[in-house]
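Please open the structure in your viewer and keep the sequence panel beside it. The tour moves from one selection to the next, and each stop says what to look for there.

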Amino acid sequence: QISFWATLFLVQIVIIKAVFNPTPPIQTPLQAQVYQDLIKDAYELSEAAIPELLHHFNTEHFRKEIVDLPFANASAEDILQIFQDQVLVTPLVHNINPVYLPGIPAADVNLTTLINSTYLYDYWVLTNLSDATYIDRFGLVQNNVETGLFGFPDFPQGIAKPPPIIEGQERPTYTALNLWQIDAGNPDFGSVGMVFYPNYGRNMTILSPIDTGMWEQCCNHTKLEPNSTCYPLFC
């Protein structure tokens, strides 16, 4: 992916087996195609949504929310421009735990795994390297996001068990857009933060207005039952 879109859970892998695990390109041809397909739809939908967004910027509720911000008295059009300009220069962050934490799903790397790797492993590569024999609910949710929202093709052999590493490498890396400029990045997912500068992710990044895994679990009921810990989202 595109160094992109939601954010993964914390990491933990202790033992990594020796397997064929070549370093993938920064963006694979499949990832590039998924990106191109997505931006066509995203551009059309964004353009169509601008009138409604500008209307929202002029509502009393929105104006109360920004009353203490420097652009509180700006026009709706200027606020939209400020946001668009900010997105272009805001770094992407990816937080992990420094060590293995018992009881946390093996959904992301830790420092030990990262130091001994040549690229940032995603969930699918990690499940293969850790000798997992099945895909947990987290993986089911993530696969639904990647195939249903992003348009990645299904794994040829399904997800009854971890896919081959080469296939897993085709899936996205998840980051958060640090619009709040928090020094620690996205600390809910670990105390170690990686920063991807905007130029690195340009033409490879898809932004979602909400954590895609959260939306999948709380709003999309076509494939999974709602999670009992869902936030009250306006689906």
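What covers the buried residues of helix 3? Among the elements that do so are helix 1 (29-57), helix 2 (60-65) and strand 4 (176-177). Before going further, please keep in mind that this is a predicted model.

**Helix 3**

Select residues 76-89, which make up helix 3, and colour Ala76, Ile79, Leu80 and Val87, which are buried. If you turn the view until you look down the axis of helix 3, you will find its buried residues within an arc of 100°, so they line one face of the helix. An α-helix has 3.6 residues a turn, so residues three or four places apart point the same way. The length of helix 3 can be checked as well: at 1.5 Å a residue, its 14 residues should span 20 Å, and the end C-alpha atoms are 21 Å apart, which agrees.

**The largest nonpolar core**

Next, select Leu92, Ile96, Val109, Tyr119, Leu120, Tyr121, Val125, Leu126, Leu129, Ile165, Met194 and Phe196, the 12 residues that form the largest nonpolar core. Two or more residues of this core come from each of strand 2 (92-96), helix 5 and strand 5 (192-196), and helix 5 gives the largest share, with three residues.

Stay with Tyr121, which is buried at a relative accessible area of 7%, and show what surrounds it. Beyond its neighbours within four places in sequence, Tyr121 is in contact with Asn21, Asp108, Val109, Thr113, Asn116, Leu126 and Leu129.

**Aromatic pairs**

How many aromatic pairs does the count come to? The count comes to six. One of them joins Tyr119 and Tyr121 edge-to-face, with 4.8 Å from centre to centre and 75° between the planes. Tyr119 is buried too, with a relative accessible area of 13%.

For another pair, select Trp124 and Phe155, whose ring centres are 5.1 Å apart and whose planes stand at 70°, so the pair is edge-to-face. Because Trp124 lies in helix 5 (residues 123-129) and Phe155 in the loop between helix 6 (137-149) and helix 7 (165-168), the pair ties together parts that are 31 residues apart in sequence. Both rings belong to buried residues: the relative accessible area is 0% for Trp124 and 6% for Phe155.

Now add Tyr123 and Phe138 to the selection, since ring pairs link Tyr123, Trp124, Phe138 and Phe155 into a cluster. Showing Arg171 as well brings a charged side chain into view, as Arg171 lies over the face of Phe155 at 3.9 Å from the ring centre.

**Helix 6**

Phe138 leads on to helix 6, where Phe138, Gly139, Val141, Gln142, Asn143, Asn144, Val145, Glu146 and Thr147 are buried. The cover over these buried residues of helix 6 includes helix 5, strand 3 (173-174) and helix 9 (212-218). Here too the span can be checked, for the 13 residues of helix 6 should span 18 Å at 1.5 Å a residue, and the end C-alpha atoms are 17 Å apart, which agrees. Following helix 6 is Gly151, whose phi is positive, near 90°.

**Three loop residues**

Is Tyr134 buried or exposed? Tyr134, which you can select in the loop between helix 5 and helix 6, counts as exposed at 55% relative accessibility, because the cut-off for exposed is over 50%. Show Lys161 alongside it: Tyr134 and Lys161 are 27 residues apart in sequence, yet their C-alpha atoms are 4.5 Å apart in space. Not counting residues up to four places away in sequence, Tyr134 touches Ala160 and Pro162.

Move on to Gln181, in the loop between strand 4 and strand 5, where phi is near 55°, a positive value in a residue other than glycine. Gln181 counts as exposed, at 56% relative accessibility.

The last selection is Asn203, in the loop between helix 8 (198-201) and helix 9. Its phi is near 65°, again a positive value in a residue other than glycine, and Asn203 is exposed, with a relative accessible area of 56%.

Note on methods
Residues numbered from 1 in each chain as written. Predicted model: local features only at pLDDT ≥ 70, side-chain atom pairs only at ≥ 80, totals over all residues. Heavy atoms only, no water. Phe/Tyr/Trp six-rings, centres within 6.5 Å; stacked < 30°, edge-to-face > 60°. Buried < 20%, exposed > 50% of the residue type's maximum accessible area, 1.4 Å probe, protein only. Helix = DSSP H or I, 4+ residues; strand = E, 2+ residues; numbered from the N terminus. Lys NZ or Arg CZ within 6 Å of the ring centre and 35° of its normal. Expected span 1.5 Å × (residues − 1). Arc of directions from axis to C-beta. Contact = heavy atoms within 4.5 Å. Core = buried A, V, L, I, M, F, W, Y, C linked by side-chain atoms within 4.5 Å.
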